[in-house]
Amino acid sequence: MGGGSHLGKVRGLGAAHGGTHHWTVQRFTAVGNLLLGLWLFISLVMLPSFDHWAVTGWLAQPLVAVPMILFIANVFNHLRLGLQVCIEDYVHDEGLKFATLLALNFYAIGGAVLGIFCVAKIAFAGGSL
């Protein structure tokens, strides 16, 4: 067969253990989404009504606004991680891959910042919006 040693055949191939961190973080964000989504569902079910004043008053409470901000940040981070894997796997042109990943990061960061800003605005206004 030839071709050198077994190590020489696989050098530069195979897992470099660079994807394990990405995979682990995506699983942690999935668990966080599950727990915070369950909290959100239970909290909304316990509201007496779903009119604007009830929901903004509920969201203005610090013990509600902080988990909601964490939920928004976690959802957009999980979205970014999942779509990054799809883009890296299925977009083969390097220039297009770079542009798509750049757009994805701008979208994820922008969406998270917008959501956090909206929650913070309601929280700091005291629900009087």
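The secondary structure of the protein chain comprises five helices and zero strands, where helices (H or I, at least four residues) and strands (E, at least two) are DSSP runs numbered from the N terminus. The model is predicted, so that local features require pLDDT of at least 70 and side-chain atom pairs count only at pLDDT 80 or more, whereas totals for chains, interfaces and linings use all residues. Residues are numbered from 1 along each chain as its sequence is written, and side-chain values use heavy atoms, with hydrogens and water left out.

Helix α4 (residues 62-90) packs with helix α5 (residues 94-125) at an angle of about 170 degrees, the axes lying 9 Å apart; axes are lines fitted to C-alpha atoms, for helices over the stretch in contact, and angles run from 0 to 180 degrees between N-to-C directions. Because angles over 145 degrees count as roughly antiparallel, α4 and α5 are assigned to that class. The residues of this contact comprise 17 nonpolar, five polar and three charged, with Ala, Val, Leu, Ile, Met, Phe, Trp, Tyr, Cys and Pro counted as nonpolar, Asp, Glu, Lys and Arg as charged, and the others, Gly among them, as polar.

The largest nonpolar core (buried Ala, Val, Leu, Ile, Met, Phe, Trp, Tyr and Cys residues joined through side-chain atoms within 4.5 Å; buried means under 20% relative accessible area with a 1.4 Å probe, protein chains only) has 15 residues. The largest share of this core, six residues, comes from α4. Leu59, among the residues with the most contacts inside the core, is in contact (heavy atoms within 4.5 Å) with Val64, Ala65, Met68, Val119, Ile122 and Ala123, its neighbours within four places in sequence being left aside.

Technical notes: Parallel < 35°, antiparallel > 145°, perpendicular 65-115°, else oblique. Buried < 20%, exposed > 50% of the residue type's maximum accessible area, 1.4 Å probe, protein only.
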